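These are my notebook entries on a structure that I went through element by element. The sequence and the model come first, and the entries follow.

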Amino acid sequence: MIVTSAVRHAAAGSAALLFVLPVPAAIASPVAPAPGAVSSVGEPTPPARHYVDPARLDRRGTQVQRLPGAPEVPSVSALSWVVADASSGEVLAARNAHRKLPPASTLKALFALTALPRHAPSERHTVADSELTGIGAGSSLVGVKEGYTYKVSDLWNGVFLSSGNDAVHVLAEMNGGWESTTRQMQEKARSLGAVDTHVVSPDGYDAPGQVSSAYDLAVFGRTGLQDPAFARYCSTAYADFPAGSWSYGIANTNRLLTGADGVDRYPGLLGIKNGYTSNAGNTLISAARRGDRTLVVSVMNPQEGGGFAVYEEARSLLDWGFEAAGRVQPVGSLAPVRAKAAADPGTRAVSVTRRGAGKQPAETVPRAGAEVVAAPARRSPEADPTGPSAGLPLALVGSACAAALALWGWRRRSAHRA
């Protein structure tokens, strides 16, 4: 009787488990979802492959990939230029993007990226005579004086608005000295993937071997827009500069920002930096916003049109960029080259390395336009037929069947004995 009761209970319990436990789902062989479909586990389909020729920007001449309906690239006389989307870093078009040319005061953008974080804007500094030595003849000056005390923000206004080499010298000394700042700027350029730039004089003054490129200048401009302090200084049109017990007004020499000297102000301009030396000619980094799109344009050494041609050529490239956005394929990227795992599960990003980039950048942003491929997705425990979740119901089913057979046999033997 004890055995009979135990068997009856085991059979009843096993039968009950058959009703309450879910039946294991059938395991199908993995099938890749259709493009744009959502997988059964709720994960997005990995993005389609999107490849940008990593060497395209190394080629001479104008590089652009127009789609149907895209406007023609304007004809400009600059030796080198770049039009890029500031958010994604995608280069929409370029000409001789990596041609190494003297940058003039556009190099001050790299100086600001390097030295701006070192001192608070409200910090005060009294200028020593030694900090004003070595300024090149004919340099642009804001009027920094020995023995005067300035806020750091005043000095940066002098750098961005008046392109003051005197302000650069003082800030460089505060940053560890002229040579130290030069090395820091070089390291900063490499960390951003700007491998064309060779820094000799942090203020951009002509010096043997000092070069940059339209590509690198666009990188500096795009990076600067991500720093609120940089963005604030480079977009300031007018400011007061202290001179002891009084002050005087200074105006930004970027005429696209102020609309001075007959150059119309560009709508939505965010500024950045202009430059000129007799060796470099006119150079300019500009950024502008229209709607939800921000573009950065760099222009180096126009060959026609006089001293203000750099502004008009930048204007035409900005106009083209806003009209062409979404109707061209990118020809490169301003983002540093570095592989990084993609955020979506089951994917990985594969970066493309630009020819000649020998240093690994410090930033971890994957290069825009890099080829993205899907990696095999990990199986979840529920989908593994050999895992414990599949084996447990099967074992219970077997136990229930065995108990049912034992009960059936016991009843037959009891009936025969009766």
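**Entry 1: the strands β8, β9 and β10**

I began with a pairing and found Tyr276 opposite Asn282 in β9. The model is a predicted one: I accepted local features at pLDDT of at least 70 and side-chain atom pairs only at pLDDT 80 or more, whereas totals for chains, interfaces and linings use all residues. Residues are numbered from 1 along each chain as its sequence is written, and side-chain values use heavy atoms, with hydrogens and water left out.

I took helices (H or I, at least four residues) and strands (E, at least two) as DSSP runs numbered from the N terminus. Two strands count as paired if DSSP finds at least two bridges between them.

Strand β8 (residues 269-277) runs antiparallel to β9, and eight bridges join them. The connection from β8 to β9 is a hairpin through three residues. On looking up the next strand, I noted that β10 (residues 293-300) also pairs with β9 in the antiparallel sense, over eight bridges. Leu284 has Val299 in β10 as its bridge partner. The hairpin of β9 and β10 has two residues between the strands, and Gly291 there takes a positive phi near 65°.

I then checked how far β9 is covered. Buried means under 20% relative accessible area, exposed over 50%, and partly exposed in between, with a 1.4 Å probe and protein chains only. Eight of the ten residues of β9 are buried, so I entered the strand as mostly covered.

**Entry 2: salt bridges and helix α9**

My criterion for a salt bridge was a side-chain nitrogen of Lys or Arg within 4 Å of a carboxyl oxygen of Asp or Glu. By this rule I recorded five salt bridges.

One of them joins Asp319 to Arg290, with the closest N and O atoms 3.6 Å apart. This pair links distant parts of the chain: Asp319 belongs to helix α9 (residues 309-324) and Arg290 to strand β9 (residues 281-290), 29 residues apart. Asp319 counts as partly exposed because its relative accessibility is 34%. Arg290, with a relative accessible area of 40%, is partly exposed.

A further salt bridge joins the side chains of Arg315 and Glu312, at 2.9 Å from N to O. Both residues lie in α9, three residues apart, which is about one turn of the helix. An α-helix has 3.6 residues a turn, so residues three or four places apart point the same way. Arg315 counts as buried because its relative accessibility is 15%, whereas Glu312 is partly exposed with a relative accessible area of 36%. I also noted the salt bridge between the side chains of Arg255 and Asp261, at 2.7 Å from N to O.

Which residues does Leu318 contact, leaving aside its neighbours within four places in sequence? With contact meaning heavy atoms within 4.5 Å, I listed Tyr266, Leu269, Ser286, Ala288, Leu295 and Val297. Leu318 lies in α9, and its relative accessibility of 0% is why it counts as buried. Its C-alpha atom is 7.1 Å from that of Leu295, and the two residues are 23 apart along the chain.

**Entry 3: nonpolar cores and enclosed helices**

I defined a nonpolar core as a set of buried Ala, Val, Leu, Ile, Met, Phe, Trp, Tyr and Cys residues joined through side-chain atoms within 4.5 Å. The largest such core has 59 residues, and those with the most contacts inside it are Val144, Trp156, Phe220 and Phe230. Apart from it lies another core of 27 residues, including Val76, Val83, Leu269 and Val299.

I looked up Trp156 separately. Beyond its neighbours within four places in sequence, Trp156 is in contact with Phe111, Ala112, Ala115, Leu116, Leu171 and Tyr233. Trp156 is among the buried residues of α3. Nine of the nine residues of helix α3 (residues 152-160) are buried, so this helix is largely enclosed by the rest of the structure.

Phe220 is among the buried residues of α6. Eleven of the twelve residues of α6 are buried, so α6 too is largely enclosed by the rest of the structure. Helix α6 (residues 214-225) reaches 17 Å from its first C-alpha to its last, close to the 16 Å expected; the expected span is 1.5 Å times one less than the number of residues.

**Entry 4: totals**

I closed with the protein as a whole, which has ten helices and 14 strands. Of its 418 residues, 47% count as buried. Among contacts between residues at least 6 apart in sequence, 66% join residues at least 24 apart.
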